[in-house]
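Please open the model in your viewer and keep the sequence panel beside it. The stops below go from the whole chain to single residues, with a suggestion at each stop for what to select.

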Amino acid sequence: MDPTDLIHQAISGDRDAFIRLIREIENSLYNTAKSMLRKEEDVADAIQETILKAYKSLHTIREPHYFKTWIFRILINECNTLLSRRSLSTSYAEVPAKQESSSPFDEVDMREAVDRLDEQKRVVLVLHYFEDLSLRQVAEALDISESAVKMRLSRARQELYHKFKNFREVKLHVKPV
């Protein structure tokens, strides 16, 4: 079924249509929330609150074909609210233990590298490349200009390029055992 038809059905009160819409984007919602919040319990809270708010205000959507942008905007606002509520102090139990690796050249994971970017770069990168939102949709979701999205994407790509370039250079200079 066409997503626009589902959106129209959901707006007119069809709960099953709304559930199908959410199921289609639930992984995208999770990945975006995870990239912003990092804690599973916060991610679950943000997604739950996003779905509830979206359902309650579904009738306010002006452009049904921008449903995905609209719900991502709700999610981002919810994540920002949770982040602002977080205590500035971190308990010892929350500090991650230093991970020992057998080699500094263990497999590098792109998602892990993206997760290490600062939040502004990370969120733009996730929305554009992992969630396939256009530059305009990312700008609308984050309430910033398209040029700001382009700038953040450029800086994020440049930072990732340098990380992987350095990794490759170091790996090439290691003599086999």
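Helices here are DSSP runs of H or I with at least four residues, and strands are runs of E with at least two, both numbered from the N terminus. With the whole chain of this predicted model selected and coloured by secondary structure, you will find 8 helices and 0 strands, so that the pattern along the sequence reads α-α-α-α-α-α-α-α. Of the 177 residues in the chain, 33% are buried, and the exposed area comes to about 11600 Å², of which carbon and sulfur atoms supply 51%. Among contacts with a separation of 6 or more, 67% are accounted for by residues 24 or more positions apart.

Next, turn to the interior and select Phe 67, Trp 70, Ile 71, Phe 72, Leu 75 and Leu 127, which touch the most other members of the 44-residue largest nonpolar core. Two or more residues of this core come from each of α1 (3-11), α2 (15-37), α3 (40-56), α4 (67-85), α5 (110-115), α6, α7 and α8 (146-172). Staying with Trp 70, display its surroundings: with neighbours within four places in sequence left aside, Trp 70 is in contact with Ala 54, Ser 57, Leu 58, Thr 60 and Ile 61.

From there, move to Asp 42, which is located in helix α3. Is this aspartate buried or exposed? Asp 42 counts as buried because its relative accessibility is 14%, under the 20% cut-off. Show Leu 37, Leu 82 and Arg 86 as well, since these are the residues that Asp 42 touches once those up to four places away in sequence are not counted.

For a contrasting aspartate, select Asp 132, in the loop between α6 (119-130) and α7 (135-142). Asp 132 has a relative accessibility of 62% and therefore counts as exposed, the cut-off being over 50%. Leaving out residues up to four places away in sequence, Asp 132 touches Leu 127 and Gln 137. A distance drawn from the C-alpha of Asp 132 to that of Ser 28 reads 9.5 Å, although the two residues are 104 residues apart in sequence.

Finally, show the surface and select Met 110, Tyr 129 and Phe 130, which make a nonpolar patch of about 280 Å². Phe 130 is found in helix α6, and it is classed as partly exposed because its relative accessible area is 33%, which lies between the 20% and 50% cut-offs.

Definitions and conventions. Residues are numbered from 1 along each chain as its sequence is written. This is a predicted model: local features need pLDDT of at least 70, side-chain atom pairs count only at pLDDT 80 or more; totals for chains, interfaces and linings use all residues. Side-chain values use heavy atoms; hydrogens and water are left out. Buried means under 20% relative accessible area, exposed over 50%, partly exposed in between (1.4 Å probe, protein chains only). Contact means heavy atoms within 4.5 Å. Patches are made of residues with over 30% relative accessible area and no salt bridge: like charges are joined within 9 Å, nonpolar side chains (Val, Leu, Ile, Met, Phe, Trp, Tyr) within 5 Å. Accessible areas come from the Shrake-Rupley method with a 1.4 Å probe; for residues, only the protein chains shown count as cover. A salt bridge is a side-chain nitrogen of Lys or Arg within 4 Å of a carboxyl oxygen of Asp or Glu. A nonpolar core is a set of buried Ala, Val, Leu, Ile, Met, Phe, Trp, Tyr and Cys residues joined through side-chain atoms within 4.5 Å.
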